[in-house]
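User: I would like to learn how to read strand pairing, burial and backbone angles in a model. Can we work through a case?

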Amino acid sequence: MEAARSGESSSEPPVSAASAPSVDVSLSILMPAFNEAEGIRRAVTASSSVATMLPDHFRLDQIIVVDDGSTDEPPTILSDLASNNPRLTVLRHDGRQGLGGALRTGLAAVSTDMVLYTDADLPIDLNQVGPALNLAADDVGGIVSCYRLNPEVAGLRRRVYSQAYGALIQRLF
C-alpha cells in the first residue's frame with residue numbers, strides 16, 4: 001500500500017511485508033460522533049490503547065473525534081479527555097452536518113500517512129487493527145474494510161440499509 005494521502009500521488013514503491021519493518025507509517029483514527037454521551041469515553045480510551053497493539057512499523061499519531069453537533073454531553077466529555085490526551089483532537093460542528101460532513105471535517109484535519117475510520121459506537125474490534133494494518137502493508141489492497149460480526153445488534157434500520165447497500169453493490173459489480 002502506498003503511504004500517500006488521498007489525492008496525492010507517490011513515486012515511491014508500495015510498502016511490502018519484507019520492507020515494512022523499516023518504514024515508519026503514521027496512523028490517525030477518525031471517529032465521527034453524534035449524541036454518544038454513553039460511549040464516547042470508552043471509544044476514545046479504546047482508540048488510545050491501539051497505540052500499544054500496532055505492529056512495530058506503525059505509530060498512532062492522532063485520534064480525531066468530530067462531534068457533529070451533539071445535544072447531549074459529548075462536548076464536555078471530549079474536552080476533558082483532550083486535556084489529558086495529546087493525541088486527541090476534537091472538532092465540533094455547531095449544527096448537524098451528517099456523517100459525510102463529519103468525515104470531510106475529520107479528513108481535512110488528518111496529518112498522517114494512513115487513516116482508520118470507525119464509528120464512535122465501535123462496530124469493529126480495535127484489537128484487530130494490527131492485523132488489518134499488516135494486510136494493508138502487504139499490499140493486499142488500498143482499502144481494508146471491517147464489518148460487524150453480528151449485524152443484528154445494530155437494529156432494524158441499519159439492517160435494512162445494509163441489505164439495500166449490499167444488493168446495490170452486487171448489481172453494480
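Analyst: We take strands and crossover, then two strand residues, then two loop residues. This is a predicted model, where local features need pLDDT of at least 70, side-chain atom pairs count only at pLDDT 80 or more, and totals for chains, interfaces and linings use all residues. Residues are numbered from 1 along each chain as its sequence is written, and side-chain values use heavy atoms, with hydrogens and water left out.

User: How many bridges join strand β2 to strand β3?

Analyst: Start with the terms. Helices (H or I, at least four residues) and strands (E, at least two) are DSSP runs, numbered from the N terminus. Two strands pair if DSSP finds at least two bridges between them. Here, six bridges join β2 (residues 58-68) and β3 (residues 88-93), and the strands run parallel. V66 stands opposite L91 of β3. Between β2 and β3 the chain passes through helix α2 (residues 74-83), in a right-handed β-α-β crossover. Right-handed means that, with the strands pointing away from the viewer, the path from the first strand over the helix to the second runs clockwise.

User: Is P32 buried or exposed?

Analyst: Use relative accessible area: buried is under 20%, exposed over 50%, partly exposed in between (1.4 Å probe, protein chains only). P32 has 9%, so the residue is buried. P32 lies in strand β1 (residues 25-33).

User: Which residues does P32 touch?

Analyst: A contact means heavy atoms within 4.5 Å. Not counting residues up to four places away in sequence, P32 touches V66, L99, A102, L103, Y117, T118, D119 and A120. Take A120: P32 and A120 are 88 residues apart in sequence, yet 6.3 Å apart in space, C-alpha to C-alpha.

User: And where is D67?

Analyst: D67 sits in strand β2. With a relative accessible area of 1%, D67 is buried. Its contacts, leaving aside neighbours within four places in sequence, are A33, P74, P75, L78, L91, R92 and H93.

User: What is the general idea for side chains along a strand?

Analyst: In a regular strand the side chains alternate between the two faces of the sheet.

User: Now the backbone. What is phi of N35?

Analyst: Look for a positive phi in a residue other than glycine. N35 has phi near 50°, which is such a value. N35 is in the loop between β1 and α1 (40-49). At 30% relative accessibility, N35 is partly exposed.

User: Where is L122 found?

Analyst: L122 is in the loop between β4 (114-117) and α4 (129-137). Phi of L122 is near 50°, again positive in a residue other than glycine. L122 counts as buried because its relative accessibility is 14%.
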